[in-house]
Structure formats: structure tokens, C-alpha cells
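Open the structure in your viewer and get your selection tool ready. This short tour goes looking for empty space inside the protein and at its openings.

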Amino acid sequence: MDASLHSKENLNERKQRPAVIPDGLTFDAIIFDCDGTLGDSMPMHYVAWVETLTPYGATMSEDEFYAMGGWPTKIVAQTMLDRFDIKTDLGTMVKHKEKLFVQKLSEVPPVPQVVEVVHYYHGKIPLAVATGGLPEVCLGVLKSIGLSPKLFNTIVTCEDVQSHKPEPEIFLEAARRLNVPPDRCIVFEDVDPGIEAARRAGMVSIDVRTFYTPRRIT
């Protein structure tokens with residue numbers, strides 16, 4: 001191939017790259033958080049928590065909710081049980097909250113800039129989802145925003161790791177499954193614990209909040 005033609009093709013490739021990928025950033029794999037990153041689902045998670053806690057006289061502000069972003073549902077539930085001395089079974093609370101959330105999946109829109117990245121890089125480099133959510137909840141969010149799980153090489157959930165964000169385990173597990181060194185992965189995230197988890201994993205993160213404003217309930 002003519003060298004000048006090859007250079008032009010590379011230039012066209014760079015021009016077509018999604019705008020949310022910074023110029024000059026090189027990587028071999030992308031790891032996506034799910035809630036709040038691929039889909040704008042955090043508001044509906046919050047509503048489900050409010051509806052779960054209200055019968056017990058317990059409250060959770062939206063700021064408190066986002067501070068726990070990336071935590072598995074069972075950890076959030078245990079925190080609420082302890083804080084308000086709620087006399088109910090942990091598993092019961094988790095199942096009830098997730099049932100309420102699933103009922104609201106139709107109200108979850110995609111984050112278009114991130115979905116564009118998925119479609120652009122699918123088949124070009126390995127892609128993963130790394131979420132603090134349960135497997136069935138993650139799959140529900142993907143379905144609601146029109147993304148097939150087959151677009152990703154692997155999906156890592158709270159059931160696959162022992163520690164949650166801001167610990168780096170979930171991102172390191174995703175990198176291991178993709179067979180890509182952590183420092184060659186980039187992460188799309190939307191909450192501070194997730195950004196910190198990526199940093200601890202030695203990965204560059206792209207904060208979704210810099211280009212997408214999530215909906216707020218309060």
C-alpha cells in the first residue's frame with residue numbers, strides 16, 4: 001500500500017473516533033461501568049431505594065445515594081439496616097429493592113456518547129462491563145437501552161469479586177478476563193468510587209459526568 005494512502009486512512013480513523021475519547025490516548029481495551037455510564041439508570045435506582053426504605057421510616061438523600069455509587073445492592077442495604085436499626089432480613093430488602101428497580105427499566109435511557117463508543121470499538125478491541133450490580137440487573141439495563149451482551153467480551157458483576165469499588169478488584173478482574181494489562185485498559189465511569197477504583201487499578205478513566213449530565217430526582 002502507498003505510504004501516503006496509509007497515512008490518510010489513519011487520519012480518517014482518528015477523525016471518526018468518538019469525541020469523548022481524548023486525543024492522544026492509547027489503549028488496548030475498554031471497560032465500562034453499567035449504571036449511570038452505559039444507561040442513565042441511577043435516578044431509577046434511587047427511586048427504588050426511596051420506595052424500599054420509606055415503609056421503615058428510613059431516608060436516603062440523593063447525595064448519600066451517589067456517594068455509595070458502585071457499591072453492590074447488598075452492601076447498601078446492610079448500611080441502611082445498620083443505620084436505621086431496621087428489623088428485616090437483608091436478602092428480603094435486596095430482592096424488594098431490585099424488584100422495584102426492574103419495574104422501572106422502561107424509564108432508563110442510554111447515555112448516547114458512551115453507547116457510541118461501544119458500537120465504534122466492538123470487534124476492534126476487547127470490551128468489558130464491570131458493575132457493582134447483580135447480573136440480572138445489569139442484563140436488564142443493557143436490554144432496556146438496546147445493547148446486546150454479545151457486544152462485550154465479558155461482564156463482571158458484584159458476584160464475581162470479593163471487594164467493591166473504590167477497591168480495584170472488579171476492574172482488575174475484567175482486565176484479567178480480557179487478557180489485557182491493566183495499564184492498557186481505559187475505564188468509563190460516572191461516580192467517584194468508580195473513578196478511584198480505576199486509579200487504584202492503574203487504569204486511565206473517563207468521567208461520564210464531564211460530557212453527560214445525569215438526571216436528578218431531587
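Keep in mind that this is a predicted model. Searching the whole structure for cavities of 30 Å³ or more turns up one.

**Stop 1: the largest cavity**

Start by selecting D35, M42, H45, G70 and W71, which lie nearest the centre of the largest cavity. They belong to a lining of 21 residues. Now colour α2 (42–53), α4 (73–84) and α5 (90–102): these are the elements that give two or more residues to that lining. Which element gives the most? It is α2, with three residues.

How much room is there in the largest cavity? Its volume is about 250 Å³. If you colour the lining of the largest cavity by class, you will find nine nonpolar residues, seven polar and five charged.

**Stop 2: the second largest pocket**

Next, move on to the second largest pocket, which holds about 160 Å³ of space. Select Y66, D190, V191, R209 and P214 to land at the right spot, since these are the closest to the pocket's centre among the 14 residues that line it. Then show α3 (62–67) and α9 (192–200), the elements that each contribute two or more residues to the lining of this pocket.

Keep the colouring by class switched on here as well. The lining of the second largest pocket has eight nonpolar residues and five charged ones, along with one polar residue.

**A last idea to take along**

Empty space left between atoms shows up when a probe the size of a water molecule is rolled over them.

Terms used: Residues are numbered from 1 along each chain as its sequence is written. This is a predicted model: local features need pLDDT of at least 70, side-chain atom pairs count only at pLDDT 80 or more; totals for chains, interfaces and linings use all residues. Side-chain values use heavy atoms; hydrogens and water are left out. On a 1 Å grid over the protein atoms alone, a cavity is a set of points where a 1.4 Å probe fits but cannot get out, and a pocket is an open set with protein on both sides within 12 Å along at least five of seven lines; lining residues have an atom within 4 Å of a point. Grid points are joined across faces, edges and corners, and a volume is the space filled by probe spheres set on the points. Helices (H or I, at least four residues) and strands (E, at least two) are DSSP runs, numbered from the N terminus. Ala, Val, Leu, Ile, Met, Phe, Trp, Tyr, Cys and Pro count as nonpolar, Asp, Glu, Lys and Arg as charged, and the others, Gly among them, as polar.
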